[in-house]
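Visitor: I should like to take a close look at a single part of this structure and see how it is held among its neighbours. Would you please guide me through it?

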Amino acid sequence: MIQNAVSAKLTELTTEQLRDLVVKGMQEKKGQDIVVMDLRHVKNAITDFFVICSGNSDTQIDAIAGSIEEEILKVSRVFPMNREGKLNREWILLDYVDVVVHVFKKERRAFYDLEQLWGDAEMTWVDNETDVFIQR
């Protein structure tokens with residue numbers, strides 16, 4: 001039975017592929033101000049990447065989180081190790097171990113300001129109009 005569960009996995013994802021699927025899921029539901037934070041060179045970082053976006057309403061951030069999970073499941077049978085915030089829908093966290101996803105309502109994102117808190121990370125902003133990654 002365990003072997004069947006292992007063989008059911010469609011594709012083994014690299015950390016970068018997982019990160020890119022997260023961004024795609026965010027874009028599918030019009031996530032705003034998408035930023036990818038590369039934490040691989042930050043001392044004592046808890047993950048390789050944070051991927052953060054904002055939504056305008058609790059309904060939208062719930063839809064964004066669902067879209068992310070759906071995009072990843074299309075390619076691989078990978079589920080988040082942990083989900084937080086689905087009930088209050090102001091900040092939804094999806095923990096894929098190597099990639100941690102934060103989907104915020106705009107005002108919550110400004111309050112927690114993870115980009116400032118993890119300011120040592122290499123940050124890349126996604127331009128939704130052109131799908132161009134802008135590194136700073």
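Guide: The following account begins with one helix and then turns to other parts of the chain. Please keep in mind that the model is predicted.

Let us begin with helix H3, which comprises residues 58–75. Its 18 residues, at 1.5 Å a residue, should span 26 Å. The C-alpha atoms at the two ends of H3 are 27 Å apart, which agrees with that expectation.

Which residues of H3 are buried? They are Gln60, Ile61, Ile64, Ala65, Ser67, Ile68, Glu69, Glu71 and Ile72. A general point helps in reading such a list: an α-helix has 3.6 residues a turn, so residues three or four places apart point the same way. As for what covers the buried residues of H3, the elements include H2, S2, S3, strand S4 (91–95) and strand S5 (99–105).

One buried residue of H3 deserves separate attention. Glutamate 69 has a relative accessible area of 11%, and because buried means under 20%, it falls in that class. Its side chain meets that of arginine 83 in a salt bridge, with 2.6 Å from N to O. Arginine 83 lies in strand S3 (residues 82–84), whereas glutamate 69 lies in H3, so the pair ties together parts that are 14 residues apart in sequence. Unlike its buried partner, arginine 83 is partly exposed, at a relative accessible area of 38%.

This pair belongs to a wider set, for the structure holds 11 salt bridges. In general, side chains of opposite charge can pair when their charged atoms come close. Another salt bridge joins glutamate 16 to arginine 40, where the closest N and O atoms are 2.8 Å apart. These two residues link distant parts of the chain, 24 residues apart: glutamate 16 belongs to helix H2 (residues 15–28), and arginine 40 to the loop between S1 and S2. Both partners are partly exposed, glutamate 16 with a relative accessible area of 31% and arginine 40 with one of 38%.

A further salt bridge brings together the side chains of arginine 109 and glutamate 115, at 2.4 Å from N to O. Here arginine 109 counts as buried at 9% relative accessibility, and glutamate 115 counts as buried at 16%. In addition, Asp58, Asp62, Lys86 and Arg89 are joined into one network by salt bridges that share partners.

Helix H2 and strand S2, both among the elements that cover H3, lead us to other neighbours. Strand S2 (residues 49–55) runs antiparallel to S1, and five bridges join the two. Within this pairing, valine 35 stands opposite isoleucine 52. Strand S1 is also joined by four bridges to strand S6 (residues 122–127), again in an antiparallel arrangement; there methionine 37 has methionine 123 as its bridge partner. Five of the seven residues of S1 (residues 32–38) are buried, so this strand is largely enclosed by the rest of the structure.

Finally, the aromatic rings may be considered. The structure holds five aromatic pairs, and Trp91, Phe104, Phe111 and Tyr112 form one aromatic cluster. The charged end of arginine 108 sits over the ring of phenylalanine 111, at 6.0 Å from its centre. Elsewhere in the chain, arginine 19 lies over the face of phenylalanine 49, 5.0 Å from the ring centre.

Notes
Residues are numbered from 1 along each chain as its sequence is written. This is a predicted model: local features need pLDDT of at least 70, side-chain atom pairs count only at pLDDT 80 or more; totals for chains, interfaces and linings use all residues. Side-chain values use heavy atoms; hydrogens and water are left out. Buried means under 20% relative accessible area, exposed over 50%, partly exposed in between (1.4 Å probe, protein chains only). Two strands pair if DSSP finds at least two bridges between them. A salt bridge is a side-chain nitrogen of Lys or Arg within 4 Å of a carboxyl oxygen of Asp or Glu. Rings of Phe, Tyr and Trp (its six-membered ring) pair if their centres lie within 6.5 Å; planes under 30 degrees apart count as stacked, over 60 as edge-to-face and the rest as tilted. A charge sits over a ring if NZ of Lys or CZ of Arg is within 6 Å of the ring centre and within 35 degrees of the ring normal. The expected span of a helix is 1.5 Å times one less than its number of residues. Contact means heavy atoms within 4.5 Å.
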